[in-house]
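Q: I should like to learn how to read the surroundings of a ligand and a few loop residues. Please take me through one model.

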Amino acid sequence: MIEDFGFSICSTQTGCRSVLEIKRSAVERNVRELYRFTGKKIIAVVKSDAYGMGVRFVVPLLKELPEIDSFAVASAEEGVLLREMGVRGEILVLGGILPEELQAIKDYRLTPVVSDPEHLKVLGRENVNFHVKYDTGMGRLGFVGETVEDPRVTGVMSHLSTPADREFSLKQIEEFRRIATLYGRGVKVHLESSAGLVYRVPYATHVRVGLALYGEKPLRDYPVPLSPAVSVKARVISVKEIPPGHPVSYGRTYTAPRRMRIGVVAFGYADGLMKSLSNRGFLLYGEARLPIIGNITMDMTVVDLGDVSVKVGDWVVIVDEGRTFGDLARLAGTIPYEIMCNISGRVKREII
Ligand SMILES: *Cc1c(COP(=O)(O)O)cnc(C)c1O
């Protein structure tokens, strides 16, 4: 069924047990659709190693697209990495600026987001442009009830705390409009994330998008047509039969009700498959669902093969077009962001 041993990334000397594939054409399509819907250029949010997808893979792809205006990361360190990768445009550092980061901000021409009087103190009189963040209801970073006016301000931003709540979001949007009008033309104005961009805020000049780049829907009824762009697969490393009454995995939380065929998959919680999916989730082999049985362990997960003919070396699917991170997140009682960020570094990344 899934017979692609031909992954170039896997034909290395040490082979490969799990892969995260990013489909270039799907990412490009998503960027085009997001631009078409909003009419605004995109600040691609690639903090935390591009949501765990791998900045080294995602950024070279994104930086060639005309709809991408610039990038945003969480810290100066993440910004330096992007600059070293050859990103030329603006790199926003969303997470403020600590004193030790000033040198890197200057040397790598990063653009900090100022959201606290201390950030301004760190900047002193340095010739560094920055964006200012306002807290209009997020209750995390941003100024409340005071404004920063400074010739070095090249952008202003805010952040929606509850994009699914229309009434509250519109209040935030109105509050930010009042603040944004204090700034002149030529200053970037942005507050919409993947979910927030459904409001098509007329006065905003840019949108800040992370999740939707990968085709993950941030809301149930999302008006932008997205194509899932990521798949995660892992190899089967053992197939065997166990007799009725035989326990499965740590803690013996599952006992074979009958003679059954089980498969051991080289993907565990260390790879990003949350332990909470033990005895609850399933993996995919083509169309077939393989229930996860017993506790998920660090490097391995046991599945019930039923009568599906799976052999050692085959690939099973954890995430793909038909089963997104969002689907898996619902099953695990979390959000897609968390699962994505936890896909570990030992899962090989590949752009296809
Ligand atoms: C992470 C982040 C975003 C992107 O959010 P998505 O839901 O992934 O589009 C936008 N703005 C800020 C301030 C963020 O921290």
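A: Let us begin with a single contact: a polar backbone atom of Leu211 lies 2.8 Å from an oxygen atom of the ligand. This is a predicted model, in which local features need pLDDT of at least 70 and side-chain atom pairs pLDDT 80 or more, while totals for chains, interfaces and linings use all residues. Residues are numbered from 1 along each chain as its sequence is written, and side-chain values use heavy atoms, with hydrogens and water left out.

Q: What is a polar contact, and which polar side-chain atoms lie 2.6 Å and 2.8 Å from atoms of the ligand?

A: A polar contact is a pair of N or O atoms within 3.5 Å; within protein, one must be able to donate a hydrogen and the other to accept it, and residues adjacent in sequence count only if both atoms are side-chain atoms. Here Lys47 places a polar side-chain atom 2.6 Å from an oxygen atom of the ligand, and Arg208 has one 2.8 Å from a nitrogen atom of the ligand.

Q: How much of the ligand does the protein bury?

A: Accessible areas come from the Shrake-Rupley method with a 1.4 Å probe; for residues, only the protein chains shown count as cover. The ligand taken alone exposes 380 Å², and the protein buries 92% of that.

Q: How do the residues of the shell around the ligand divide?

A: For this count, Ala, Val, Leu, Ile, Met, Phe, Trp, Tyr, Cys and Pro are nonpolar, Asp, Glu, Lys and Arg are charged, and the others, Gly among them, are polar. The shell has seven nonpolar, four polar and four charged residues. Helix H2 (47-51) and strand S9 (206-209) each supply at least two of its residues; helices (H or I, at least four residues) and strands (E, at least two) are DSSP runs, numbered from the N terminus.

Q: Is Thr136 buried or exposed?

A: Buried means under 20% relative accessible area, exposed over 50%, and partly exposed in between (1.4 Å probe, protein chains only). Thr136 has 12% and is therefore buried. Thr136 belongs to the loop between strand S6 (130-134) and strand S7 (153-158). Its side chain makes polar contacts with the side chains of Ser158 at 2.8 Å and Gln172 at 2.9 Å.

Q: What is the sign of phi in Ser249 and in Asn279?

A: Most residues other than glycine have a negative phi. Ser249, however, has a positive value near 65 degrees, and Asn279 has a positive phi of about 60 degrees. Ser249 lies in the loop between strand S11 (247-248) and strand S12 (254-255), and Asn279 in the loop between strand S13 (260-265) and strand S14 (282-285).
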